Every structure is written in C-alpha cells, then in structure tokens.
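Here are some short exercises on how two chains meet. Try each task with the structure open, then read through the solution.

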There are 2 protein chains.
Amino acid sequence: MKNRIITISREFGSGGRTIGKKVAEKLGILCYDSELIEKVASESGFNANYIKDAGEYAPGGFLSSAFSHRSSGPNNADYLWTIQYKIITELAEKGPCVIVGRCADYILREKADCLRVFIHADLSFRAERIVKEYGEREESPEQRLKDKDKRRAAYHRFYTNMKWGHAQNYDVTLNSGTLGIDKCVDIIKELY
Amino acid sequence: MKNRIITISREFGSGGRTIGKKVAEKLGILCYDSELIEKVASESGFNANYIKDAGEYAPGGFLSSAFSHRSSGPNNADYLWTIQYKIITELAEKGPCVIVGRCADYILREKADCLRVFIHADLSFRAERIVKEYGEREESPEQRLKDKDKRRAAYHRFYTNMKWGHAQNYDVTLNSGTLGIDKCVDIIKELY
C-alpha cells in the first residue's frame with residue numbers, strides 16, 4: 001500500500017509553504033520543505049544555502065539549459081537533482097507527509113498516492129506578502145516575483161518536461177489571493 | 001452589489017456540465033448551459049444547432065483565425081459572440097447563477113463577483129465518459145476529445161486572449177478524474 005502524500009507546487013509569495021505547514025499540522029503528518037533542503041545538504045556535503053539556490057536553477061544556468069549541448073556530462077545541479085530524487089522517494093516511503101516544492105509531484109508520480117496541489121495568486125497579493133514576510137530589497141517585489149517564478153518554471157520544465165502551473169498537471173490548483181490562505185488549507189485537508 | 005456567479009470552463013468529457021448542474025441544485029440557484037444556447041438562438045434568429053457549433057469555432061474557421069487578416073469585418077461567429085456577451089452579462093445581473101462554458105469567466109471579469117472554476121480529467125477518464133454519455137462514433141473517443149479541446153482552446157484564446165486551462169486564470173481547478181464528480185461539487189459549493 002502506497003503512502004498518501006500531498007505535494008505542493010507554488011508561485012513565490014503565494015503562501016504555498018505556509019499552507020503546506022498548516023495542512024500538515026491539521027492532519028497530524030510531517031511537512032518537508034527547508035527541512036528537506038537541510039537533509040539534502042547534509043547528505044551531499046554541499047552548503048545548505050548553495051543547494052537552496054541551485055534547487056531553483058536549471059542546470060547550465062538560468063534558461064540557458066535548453067540551448068546547451070550538455071556534452072560535459074552531469075553538473076552540480078544534476079547531482080543535486082539525483083540526491084533530491086532519492087531523498088524525496090525515501091521520505092514518501094516512510095509515511096504520509098506534505099512535501100512543498102522540489103518537483104516532488106513529478107518524482108513521486110508512480111511511487112506514492114499523491115494529491116498534487118498548485119498554489120498561485122496574482123502579482124499584487126504576492127508582492128505585498130513577500131515584503132511582509134521577507135522584507136524590502138533593492139529590486140522591486142514585482143521584479144523579484146517574476147525572476148523567481150521564471151526560475152522555478154525553468155527548473156521544473158528542465159527536469160520533468162512538464163509545464164509548471166498547467167491545471168492538467170495537478171489534482172487541484174487554488175488561488176490563495178482570492179480564496180484566502182485558510183480556505184486553501186481547508187480544501188486540501190478535505191481532499192486528502 | 002454584484003451578484004455572486006460561478007463560471008465553469010471544462011475539458012470535453014470531464015463532467016463540467018454535470019458538476020455545474022449539481023452545484024446549482026445544491027445551492028438553489030440557476031445553471032445556464034444549453035438553456036443559454038437556446039436563448040442565444042431565439043434572440044439571434046439563428047438555428048440552435050448552428051450556434052452550438054459556431055460557439056466553439058474561432059472566427060474564420062478552426063485555428064485559421066489567427067492567420068487571417070479579417071479585412072472583411074465581423075463574421076457570423078463575431079456576431080454570435082456579441083449576442084452571447086450581451087446575454088451572459090444580463091443573466092449575471094439578474095441574480096446568482098452557474099454558467100458553464102461560453103467564456104463567461106472572461107465576459108464577467110469586471111461585471112460580477114465570480115468564482116472561476118476549470119474542470120479537467122485525463123484522456124482515459126474522459127474517453128470512457130463520453131462513450132457512456134454520448135455513445136460511440138466513427139472517430140475514436142480520444143480523437144473526438146482532442147479535436148474538441150483544441151477547438152475550445154482556440155475559441156477561448158481568440159476572444160479572450162487568455163490561455164485556456166492555465167491555473168492562473170482560475171480561482172480553482174479540479175481534476176474530476178482523480179477527485180470524482182461529487183467531490184468537485186462539494187468543493188465548489190464550499191468555496192461559493
């Protein structure tokens with residue numbers, strides 16, 4: 001019997017991580033996000049922050065991957081992908097849990113009984129949220145969001161060949177901006 | 001005060017129409033689908049079946065619209081679009097309701113308080129369903145589904161310039177194949 005897992009993909013600033021944590025709390029199961037990154041870090045020997053960044057860059061640099069010939073064999077990002085793949089598979093075997101990001105939906109597509117969730121919200125909702133959560137930066141929040149989304153989409157596309165944010169790739173997609181974070185939590189809990 | 005409306009876009013065979021009707025029943029509000037087409041028909045003087053077909057063909061013929069110069073002014077499909085636009089706007093003003101298809105999400109984007117829903121399911125679920133609902137045809141159910149989806153996407157794109165099936169265009173998207181028709185009904189009812 002496969003474990004029941006919730007995977008959450010999300011636009012930056014949409015509250016996907018918060019929603020994942022709240023859902024896990026309500027269901028009494030574990031939520032993996034930065035914890036997972038730490039685990040990847042300790043197993044690979046890489047610095048945690050480096051992995052956190054590399055996890056959202058497609059190999060060969062942002063967006064250049066699709067055009068590179070990759071004749072030089074696997075690079076660091078590929079290596080990380082392999083470790084991440086292995087760890088996510090192991091976590092899913094251990095018991096029911098929520099996994100936020102890291103292409104877990106794709107990695108577990110045949111290995112677990114997944115509820116595949118995508119959380120998004122419009123730019124203004126997310127811009128306000130990231131300033132509140134992460135503070136001001138030199139770049140405008142809108143620019144930070146666009147950059148981050150592009151990176152996530154490129155990374156996801158590179159490793160999974162699936163279109164990020166396409167309704168057809170998920171069991172449910174929710175607009176946290178119009179529905180509210182708590183409503184999203186309730187819906188996911190009800191669908192689990 | 002704007003009326004609260006549910007708009008349902010859907011892949012052919014995903015059960016979007018059935019879901020719309022069940023939601024409306026449970027909420028005690030009206031659902032417009034074929035009824036709407038009939039109303040369009042009687043107002044425009046066109047034959048109902050002709051309008052039903054034309055409603056899913058982008059002007060100038062399927063997929064050719066984007067390449068045509070349209071120097072000849074509005075055609076029949078454009079005329080129907082205008083009537084449809086007017087009728088959907090009027091229905092939304094009359095009272096809360098569910099509207100299935102017909103780009104109602106786009107038409108009402110500033111005119112009503114909309115819960116924008118998209119229903120989809122994988123090909124095998126839909127293939128089984130359309131054979132059960134509409135019977136066998138000479139074409140395979142998979143081919144019928146692909147043709148119909150392409151038409152809906154092209155029509156939607158032509159008149160709204162929005163990507164059909166993109167999570168970001170909806171408040172909620174649901175996979176009726178994995179979640180089940182009744183669960184989709186419950187979720188939409190809860191979100192209303």
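**Exercise 1. How much area is buried between chain A and chain B, and which three residues of chain A supply the most?**

Step 1. The area buried between chain A and chain B is about 1,800 Å²; buried area is the accessible area (1.4 Å probe) that two parts lose on being put together, summed over both. Carbon and sulfur atoms give 51% of that area.

Step 2. On the side of chain A, look for A:Gln168, A:Asp171 and A:Glu190, which supply 28% of the area that chain A buries against chain B, more than any other three residues.

Before going on, please note that this is a predicted model: local features need pLDDT of at least 70, side-chain atom pairs count only at pLDDT 80 or more, and totals for chains, interfaces and linings use all residues. Residues are numbered from 1 along each chain as its sequence is written, chains are lettered from A and ligands numbered from 1 in the order in which they are written, and side-chain values use heavy atoms, with hydrogens and water left out.

**Exercise 2. Find how many residue pairs are in polar contact across the interface, and which element of chain A gives the most residues to it.**

Step 1. The rule finds 15 residue pairs in polar contact, both residues at pLDDT 80 or more. (A polar contact is a pair of N or O atoms within 3.5 Å; within protein, one must be able to donate a hydrogen and the other to accept it, and residues adjacent in sequence count only if both atoms are side-chain atoms.)

Step 2. Helix α9(A) gives the most to the side of chain A that touches chain B, with five residues. (Helices, H or I, of at least four residues and strands, E, of at least two are DSSP runs, numbered from the N terminus.)

**Exercise 3. Work out which strand of chain B is joined to β5(A), and in what direction the two run.**

Step 1. Three bridges join β5(A) to β5 (residues 172-175) of chain B; two strands pair if DSSP finds at least two bridges between them.

Step 2. The two strands run antiparallel, and A:Val172 stands opposite B:Leu174.

**Exercise 4. What rotation superposes chain A on chain B?**

Step 1. A rotation of 180° with 0.0 Å of shift along its axis does it (RMSD 0.0 Å), with copies superposed by least squares on the C-alpha atoms of residues with pLDDT of at least 70 in both.

Step 2. The two copies are therefore related as by a two-fold rotation axis.
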